[in-house]
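User: I'm new to this one and would like to go through it step by step. Could you put it up so we can talk it over?

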Amino acid sequence: MATMAALFIKTPNPTPSFPRAQKTHFTPSINLSLSSVSKPRTHPRTRISCGLIDPDGGKLIELVVDESQKDIKKRQALSLPKIKLSTIDLQWVHVLSEGWASPLKGFMRESEFLQTLHFNSLRVEDGSFVNMSVPIVLAIDDSQKNQIGGSTSVALVDSKDNPVAVLSNIEIYKHNKEERIARTWGTTAPGLPYVEEAIANAGNWLIGGDLEVIEQIKYHDGLDRLRLSPAELREEFTRRGADAVFAFQLRNPVHNGHALLMTDTRRRLLEMGYKNPVLLLHPLGGYTKADDVPLTWRMKQHEKVLEDGVLDPETTVVSIFPSPMHYAGPTEVQWHAKARINAGANFYIVGRDPAGMSHPIEKRDLYDADHGKKVLSMAPGLERLNILPFKVAAYDKTQSKMAFFDPSRPQDFLFISGTKMRTLAKNKEDPPDGFMCPGGWEVLVEYYDSLAPTENGKVLEPVPA
């Protein structure tokens with residue numbers, strides 16, 4: 001990822017602390033496609049203003065303890081009952097610790113859990129509401145509950161029993177898995193990836209409380225420098241003089257349809273009167289299902305896309321969003337949008353079937369493709385966020401490039417699905433010219449080439465990028 005670091009260093013007049021923060025952002029140029037900036041809400045007209053949008057609740061809730069308190073918290077953790085964190089648990093600690101879920105101050109207590117399940121929002125101290133659509137909870141089993149006993153605090157430890165955090169003023173309550181699954185996904189059908197990974201075999205109790213994280217969460221995978229916190233992103237947007245920040249989340253390789261969306265969005269924001277809109281290209285970096293391209297390979301592909309000049313490095317910040325993926329469609333896309341408010345984004349790009357997946361049993365999509373953008377335009381607690389739905393982009397055979405679909409000449413357009421893209425890459429076949437930059441496609445082919453099948457036909461773990 002040396003090139004990514006170089007792209008960041010080339011940014012004019014970087015702030016002294018930012019390049020040394022072990023985290024970095026890169027910015028290139030891509031052809032994206034976005035639909036017209038519509039008016040999905042009945043809210044007042046978009047206000048052109050300087051300064052970043054305030055975090056939910058008015059301030060970022062960062063939960064990493066001060067340097068002077070770290071040794072004290074480590075000693076305290078050693079004396080407390082211990083809960084071992086799974087990989088996904090640790091990702092949620094990361095999310096909470098940096099303020100992505102502000103104003104949450106830790107894993108949800110029962111009142112927060114119920115508000116999230118039933119209202120997709122939380123009431124804050126002043127009586128107003130902020131959006132919160134996905135439960136951020138920690139499950140424990142009967143033996144752990146018995147071990148905790150009457151203690152009011154517990155230590156959270158990693159797979160090697162190293163103390164990660166202290167959870168204080170704890171509350172333990174029943175983990176009604178069926179209700180949680182039904183209300184989050186709208187189905188209890190077997191085969192939901194996150195459910196199978198993190199819920200089905202989890203404990204029958206949830207534990208909430210105030211979280212104090214001892215050290216910043218690091219993964220030591222060569223990508224930590226790209227995991228910018230909301231505070232660091234806000235610092236960078238301010239340094240660049242952004243008067244609008246528009247966020248684009250993806251969990252797939254970037255193709256030129258994505259690029260068309262992003263560049264068209266910036267053009268529209270300029271037409272609206274903004275002087276310096278900045279793109280936050282924000283790939284999801286937490287848990288993803290087995291057939292998604294792993295993060296290390298996606299970032300390698302993004303780097304090649306940037307090298308080919310698809311996006312403008314002066315107006316793009318690339319960072320990794322640490323949240324796990326639920327594949328919960330319109331429910332989850334609210335979480336994705338809400339978290340970007342806390343990072344300073346006041347515009348959010350939403351496309352077809354955001355956070356969706358195929359039905360785990362039936363041969364159909366699990367969610368209506370248009371419901372995500374419709375729900376975002378009405379979601380409680382997201383009134384301050386401008387939702388930018390985009391038109392459909394497809395490969396225009398007459399121009400040999402990705403373009404907005406023109407229904408008056410459907411015969412001229414080719415829709416290249418994710419399945420089709422994966423099939424081409426697995427077979428080492430080239431896509432049509434103009435679908436994806438050559439360097440990015442080579443990375444995708446290299447990834448699928450690394451998935452050599454075993455004798456029983458199953459695919460091995462991919463080699464590191």
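User: How many aromatic pairs does the structure hold?

Analyst: This is a predicted model, and the structure holds 11 aromatic pairs. One of them is formed by W92 and W335, a tilted pair with 6.0 Å centre to centre and 55° between the planes.

User: And which parts does that pair tie together?

Analyst: W92 lies in helix α3 (residues 87-98) and W335 in helix α11, so the pair links parts that are 243 residues apart in sequence.

User: Switching to helices, at what angle do α4 and α6 cross?

Analyst: The axes of helix α4 (residues 110-119) and helix α6 (residues 177-185) cross at roughly 40° and come within 9 Å, which makes α4 oblique to α6, because an angle counts as roughly parallel under 35 degrees and as roughly perpendicular from 65 to 115.

User: Which residues make the contact there?

Analyst: From α4 the contact uses F113, L117 and H118, and from α6 it uses E179, R180, R183 and T184; by class, this contact has 2 nonpolar, 2 polar and 3 charged residues.

User: OK, pockets now: how much space lies in the second largest pocket?

Analyst: The second largest pocket holds about 1600 Å³ of space, and its lining consists of 48 residues, with N252, H258, R352, D353 and G418 lying nearest its centre.

User: Which element gives the largest share of that lining, and what is the lining like by class?

Analyst: Helix α13 gives the largest share, 4 residues. By class, the lining of the second largest pocket has 25 nonpolar, 12 polar and 11 charged residues.

Notes:
Residues are numbered from 1 along each chain as its sequence is written. This is a predicted model: local features need pLDDT of at least 70, side-chain atom pairs count only at pLDDT 80 or more; totals for chains, interfaces and linings use all residues. Side-chain values use heavy atoms; hydrogens and water are left out. On a 1 Å grid over the protein atoms alone, a cavity is a set of points where a 1.4 Å probe fits but cannot get out, and a pocket is an open set with protein on both sides within 12 Å along at least five of seven lines; lining residues have an atom within 4 Å of a point. Grid points are joined across faces, edges and corners, and a volume is the space filled by probe spheres set on the points. Helices (H or I, at least four residues) and strands (E, at least two) are DSSP runs, numbered from the N terminus. Ala, Val, Leu, Ile, Met, Phe, Trp, Tyr, Cys and Pro count as nonpolar, Asp, Glu, Lys and Arg as charged, and the others, Gly among them, as polar. Axes are lines fitted to C-alpha atoms, for helices over the stretch in contact, and angles run from 0 to 180 degrees between N-to-C directions. Angles under 35 degrees count as roughly parallel, over 145 as roughly antiparallel, 65 to 115 as roughly perpendicular and the rest as oblique. Contact means heavy atoms within 4.5 Å. Rings of Phe, Tyr and Trp (its six-membered ring) pair if their centres lie within 6.5 Å; planes under 30 degrees apart count as stacked, over 60 as edge-to-face and the rest as tilted.
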